[in-house]
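User: Hi! Could you walk me through this structure, one question at a time?

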Amino acid sequence: MVSAVVAVTLRELLRRRRALVLVVALPLAFYLARIDTTGQAIRFLALGVGWAVATLSLFTHVSSRDLDQRLAIVGASPSALVAGRQLALTATGLGLAGAYFALVALTQDVTHLWTVALLLGTSVLIAAPLGAAVSLLVPRELEGALALLSIMALQMLADPDGTGAKFLPLWSTREFTTYAVDPSGGADLTQGLLHFAAVAALAAVITWIAGVLRLRPRRLPVPSTR
Amino acid sequence: MTPAEEWSRRLDRSLIELGVEPAEARRLTEDSHEEARGAGADPSELYGPAAAYAVRLAQAVRTPQPRLSTMPAGEVVLRLSGVSKRYGRHTVFDNVSLTLRAGEVAAVVGANGCGKSTLLKICCGTTAPSGGVVERTARIGYAPQQGGVSGFLTPAEHFRLFGAVHGMGRRKAVSTGNQLCRRLGWRPRSGLSAARLSGGTQQKLNVVLSELNSPDLILLDEPYQGFDQDSYLDFWDQVLKWRDAGAGVLVVTHLLQDLERVDHLVELHRSEDQ
């Protein structure tokens, strides 16, 4: 069942060609805007990838809700539906991250290149469930898109050294970026990894619980007598 | 090519498009051609336009459906006992009762806003009743009024997805889906996504998905919106075939012309009417 949902989600995504073009263009625009400063370019690229994947996830979950609810009514497991959608979105996001990793490798001189792969990958692994969680908690597209915009705008504007920034989902990208371009810059890779693990786990759990609660039909008793 | 031969060619093509097997279409076309020649008339004068005659012929030759339901005949598939729905102080409907058995059709009728779709959602389990008891068989099919299909997927991809839910193999799901489409006078074109189908054809896909697993109970929420007259007649024929095949069918409708065909009628009234 999960593989069938993954397959149809990937097909749906591939057929949203204009949306895919924008998903690719958004991180590129962020990257090009800061290309003269390696660290800033990489950090904004990661935020762009995260924003694009979260938005794709939000719209995918909102647009598939009626169909998924219908599937759940006739017997599909809500967990399998949520997992299938998430796996497809994560695979798409990792593909996007891979392409941008290649771009960074070709255009930037980075001390620890593998850390760029790590920060792009972790951005995707946070963004996919983040978009899904927003779509499940804020059920309409416009409100969800505005909620994501608020989160991402805060992420870009907040002082990364401030306490408040650590409560934002993609704070870990700053730690990874600093380590990638300047290993002696005082970045704490372990702290970044711990932050990523906590945020990704929280977003995934919220997605799963909200998804199952939203999709699962009430269990009705079978008629007992003729 | 003579006008009679041209008419026959159109009839043959239309029959195939309507889902009649090519050999059967050729036989019907030859019979019609011969009959017109025997009567000394042009087939278009005798039978009318080829496309319209093809629809009538296709309806006549469709094979009867094998037994659909796995339920013993007469077994209760849905029971509503004193079901009510309220939002705050507003009562949508109150004390609705129904016992629907395998091999029966029930229609839910009423004006807009009287809670027909809400009642169906209660039967599906997606909306909780405010009062009363709902008992329902587990193997159901469901065609919602809106949003039941994905605009980005082709009919075959829908069949594979729904088939996966019901544990059907990919090939079996597609062949079963295509076969059910033909019963509604539609032959899906491969590669065409649902968004590019007409509204009526999307609804046919919606209906076909509800019966893909040969359910014991089929719940339909005004599924014929966008159907043309022939498709509407095909739809009711199909409902009666489901009934004859042993399934229970609950149809939400606001059209009253077919109510003499149903076994049970649930009439809902707006709360201010009660």
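**Salt bridges, interface and surface**

Analyst: Happy to! This is a predicted model. A good place to begin is Arg10(B), which is partly exposed because its relative accessible area is 44%.

User: Which residue forms a salt bridge with Arg10(B)?

Analyst: The partner sits in helix α1 (residues 3–17) of chain B, as does Arg10(B). Because the two are 4 residues apart in that helix, about one helical turn separates them. The closest N and O atoms are 3.2 Å apart, and the partner is Glu6(B).

User: How many residues apart in sequence are the parts tied together by Arg139(B) and Asp216(B)?

Analyst: Their side chains meet in a salt bridge, at 3.3 Å from N to O. Arg139(B) belongs to the loop between β4 (131–136) and β5 (140–143) of chain B, while Asp216(B) belongs to the loop between α8 (199–210) and β6 (217–221), so the parts that the pair ties together are 77 residues apart.

User: Of Arg139(B) and Asp216(B), which is buried?

Analyst: Arg139(B) has a relative accessible area of 32%, so this residue counts as partly exposed. Buried means under 20%. With a value of 3%, the buried one is Asp216(B).

User: What share of the contacts in chain B between residues at least 6 apart in sequence joins residues at least 24 apart?

Analyst: For background, chain B has 9 helices and 8 strands, and its C-alpha trace spans about 70 × 40 × 35 Å along the principal axes. Of its 274 residues, 54% are buried. Among the contacts you ask about, the share joining residues at least 24 apart is 73%.

User: Now the interface: how much area is buried between chain A and chain B?

Analyst: The size of an interface is often given as the accessible area lost when the parts come together. Here 26 residues of chain A are in contact with 41 residues of chain B. Carbon and sulfur atoms give 63% of the buried area, which comes to about 2900 Å².

User: Which elements give two or more residues to the side of chain A that touches chain B?

Analyst: Across this interface there are 9 residue pairs in polar contact, along with 2 salt bridges. The elements giving two or more residues to that side of chain A are α1 (2–15) and α4 (65–73).

User: Which residue of chain B is linked with Arg11(A) and Arg15(A) in a network of salt bridges?

Analyst: The salt bridge to Arg11(A) has an N to O distance of 3.3 Å, and the one to Arg15(A) has 2.6 Å. The latter pair crosses between chains, from helix α6 (residues 155–165) of chain B to helix α1 of chain A. The residue of chain B in this network is Glu157(B).

User: Is Glu157(B) buried or exposed?

Analyst: Its partner Arg15(A) has a relative accessible area of 32% and therefore counts as partly exposed. For Glu157(B) the value is 6%, and the cut-off for burial is under 20%. That makes Glu157(B) buried.

User: Last one: how many Å² does the nonpolar surface patch with Ile209(A) cover?

Analyst: Ile209(A) is found in helix α9 (residues 189–215) of chain A. Its relative accessibility is 40%, so Ile209(A) counts as partly exposed, and patches take residues with over 30%. Together with Val205(A), Trp208(A) and Leu213(A), Ile209(A) makes a patch of about 410 Å².

How values were computed: Residues are numbered from 1 along each chain as its sequence is written. Chains are lettered from A and ligands numbered from 1 in the order in which they are written. This is a predicted model: local features need pLDDT of at least 70, side-chain atom pairs count only at pLDDT 80 or more; totals for chains, interfaces and linings use all residues. Side-chain values use heavy atoms; hydrogens and water are left out. Patches are made of residues with over 30% relative accessible area and no salt bridge: like charges are joined within 9 Å, nonpolar side chains (Val, Leu, Ile, Met, Phe, Trp, Tyr) within 5 Å. Accessible areas come from the Shrake-Rupley method with a 1.4 Å probe; for residues, only the protein chains shown count as cover. A salt bridge is a side-chain nitrogen of Lys or Arg within 4 Å of a carboxyl oxygen of Asp or Glu. Buried means under 20% relative accessible area, exposed over 50%, partly exposed in between (1.4 Å probe, protein chains only). Contact means heavy atoms within 4.5 Å. Buried area is the accessible area (1.4 Å probe) that two parts lose on being put together, summed over both. A polar contact is a pair of N or O atoms within 3.5 Å; within protein, one must be able to donate a hydrogen and the other to accept it, and residues adjacent in sequence count only if both atoms are side-chain atoms.
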